[in-house]
Amino acid sequence: MCGRTACTLAPHEVSKASRYRNRAGQYRRPRWREGDSDKYRPSYNKSPQSFSPVLLSLRHFNKDAPVDECVLATMRWGLVPAWFRESNPNKMQYSTSNCRSESLLEKKSYKDPLLKGQRCVVLADGFYEWKRSEKEKQPFFIYFPQSKTEGAADWHSVDVKSPFFEKPLPEQLEKDKSEWKGWRLLTIAGLFDGWTPPAGGETLYTYTIITVSASSGLQSIHDRMPAVLDGEEEVRQWLDYGEVRSQDALKLLQPKDILTFHPVSSFVNNSRNNSAECLQPLELGSKKVQPSASSKVMMSWLQSSSPGKEKKPGATTKRRAPEENEKGGNLLHKWLTGSCQTKKPAMSN
DNA sequence: CCAGACGTTGTT
DNA sequence: GTCTGG
DNA sequence: CCAGACGTTGTT
DNA sequence: GTCTGG
């Protein structure tokens, strides 16, 4: 299953990390839907009902836009169907944070969004999964294997006229020409819907994460996993509802053995906890769990960058939860490069 | 026809 | 046990 | 997903 | 809104 994620990049970094290709194969950097970059708050611990970045066809918001151009929006986790009649969306009593790929067409809440092409890609650093045993629940952080080298980029910035989309700043345009060298975001297949309160008001956009059987590599942790889209072409096909019909899009939802993982502290269990400790590889000195290959890779990220001089501790001692503070800065990357404290500061005051 | 559901997981 | 909130 | 509540009255 | 069950 998939009931917790991490998404720590700043909004502008999410944009850079979400480069996609259109039908012609041109690289594009998606812009944020107006106002949405402020609704998203980076967090090491995102639970259902929180807001996360999703990529979707620009056409959903702009009828004049090409269907193969994309935009970033901030949506709430847990699909609220358009027909929901209560005045408060929180009264939705059904569990719609996940949606089984096998029964998608049989479910009233999901069939309509699917047939309307309301497919989106949920973005995250990775997700958490709890392995249950008789005595305990051991959480793991699961993500794309990370590499440091990529090919050169061929940039064409999106230029679709719409009141929804602001023009990028000149300095930003310049930066956008460089390729994203940071964390490779996990691309998860989702469906979304828009819900408007019966009394009227702003439309609330919500999404569900589609699940499939766990791949062989993840079976030891859990029997279900989110449907992961592997690479630009799969992302394009999932989002291009003009070219790829629902039936064909469903074929993309397969277990794929392409993820890596490591155990993390049960610190992540409480969704109020929000710091790098949530995804830090757990030190398991016991014979019980050996450091996995992926854990070692992450550790090597940690060590490959020299710790350098420590900043004055006093400057960061009262660091607040990332979700509440900075909008800028690649939090995950900062942690990986050691500019954040690897251990969470004492919770108390 | 109308009434009522509309969802997943894990556990037993 | 089950539901709500995070 | 997990954690934590699960309730009312009257009084300050 | 749409589908299922009665």
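Q: If a disulfide is a pair of cysteine sulfur atoms within 2.5 Å, how many disulfides does this rule count in the structure?
A: The model in front of you is a predicted one, and by this rule the count of disulfides comes to zero. Take Cys 2, which is in no disulfide, since the nearest cysteine sulfur, belonging to Cys 7, is 12 Å away.

Q: Why does Cys 120 not form a bond with Cys 99?
A: The idea is to compare the distance between the two sulfurs with the cut-off of 2.5 Å. Cys 99 holds the cysteine sulfur closest to that of Cys 120, but the two are 11 Å apart, and therefore too far for a bond.

Q: Are Cys 2 and Cys 120 buried or exposed?
A: Here one reads the relative accessible area, and a residue is called buried when that value is under 20%. Cys 2 is buried because its relative accessible area is 0%, and Cys 120 is likewise buried, with a value of 0%.

Q: In what order do the strands of the open sheet lie?
A: A sheet is read by following which strand pairs with which, and in this open sheet of five strands the order is 5-1-10-11-15, with antiparallel pairing. The edges are strand 5 (43–46) and strand 15 (260–263), each of which pairs on one side only. From one strand to the next, the twist averages 30°.

Q: How many bridges join strand 10 to strand 11?
A: Strand 10, residues 126–132, and strand 11, residues 137–143, run antiparallel and are joined by six bridges. Within this pairing, Trp 130 stands opposite Pro 139 in strand 11.

Q: Which residues come nearest to DNA strand B?
A: A surface of this kind can be read first by its residues and then by the parts of the DNA that they approach. Around DNA strand B there are 17 residues, of which Trp 83, Arg 100, Lys 107, Ser 109 and His 222 come nearest. By kind, the residues of this surface divide into five nonpolar, six polar and six charged. On the DNA side, 68% of the atoms within 4 Å of the protein belong to sugar or phosphate, and the rest to bases.

Q: Which residues have a polar atom that lies a short distance from a phosphate oxygen of DNA strand B?
A: Among them is Arg 100, with a polar side-chain atom 2.5 Å from a phosphate oxygen, while Ser 109 has a polar backbone atom 2.8 Å from one. Arg 132 also places a polar side-chain atom 3.1 Å from a phosphate oxygen of this strand. As for elements, strand 8 (98–100) and helix 3 (108–115) are those that give two or more residues to the surface near DNA strand B.

Key: Residues are numbered from 1 along each chain as its sequence is written. Chains are lettered from A and ligands numbered from 1 in the order in which they are written. This is a predicted model: local features need pLDDT of at least 70, side-chain atom pairs count only at pLDDT 80 or more; totals for chains, interfaces and linings use all residues. Side-chain values use heavy atoms; hydrogens and water are left out. Two strands pair if DSSP finds at least two bridges between them. Helices (H or I, at least four residues) and strands (E, at least two) are DSSP runs, numbered from the N terminus. Axes are lines fitted to C-alpha atoms, for helices over the stretch in contact, and angles run from 0 to 180 degrees between N-to-C directions. Buried means under 20% relative accessible area, exposed over 50%, partly exposed in between (1.4 Å probe, protein chains only). A residue is near a molecule or strand if one of its heavy atoms lies within 4 Å of it. A polar contact is a pair of N or O atoms within 3.5 Å; within protein, one must be able to donate a hydrogen and the other to accept it, and residues adjacent in sequence count only if both atoms are side-chain atoms. Ala, Val, Leu, Ile, Met, Phe, Trp, Tyr, Cys and Pro count as nonpolar, Asp, Glu, Lys and Arg as charged, and the others, Gly among them, as polar.
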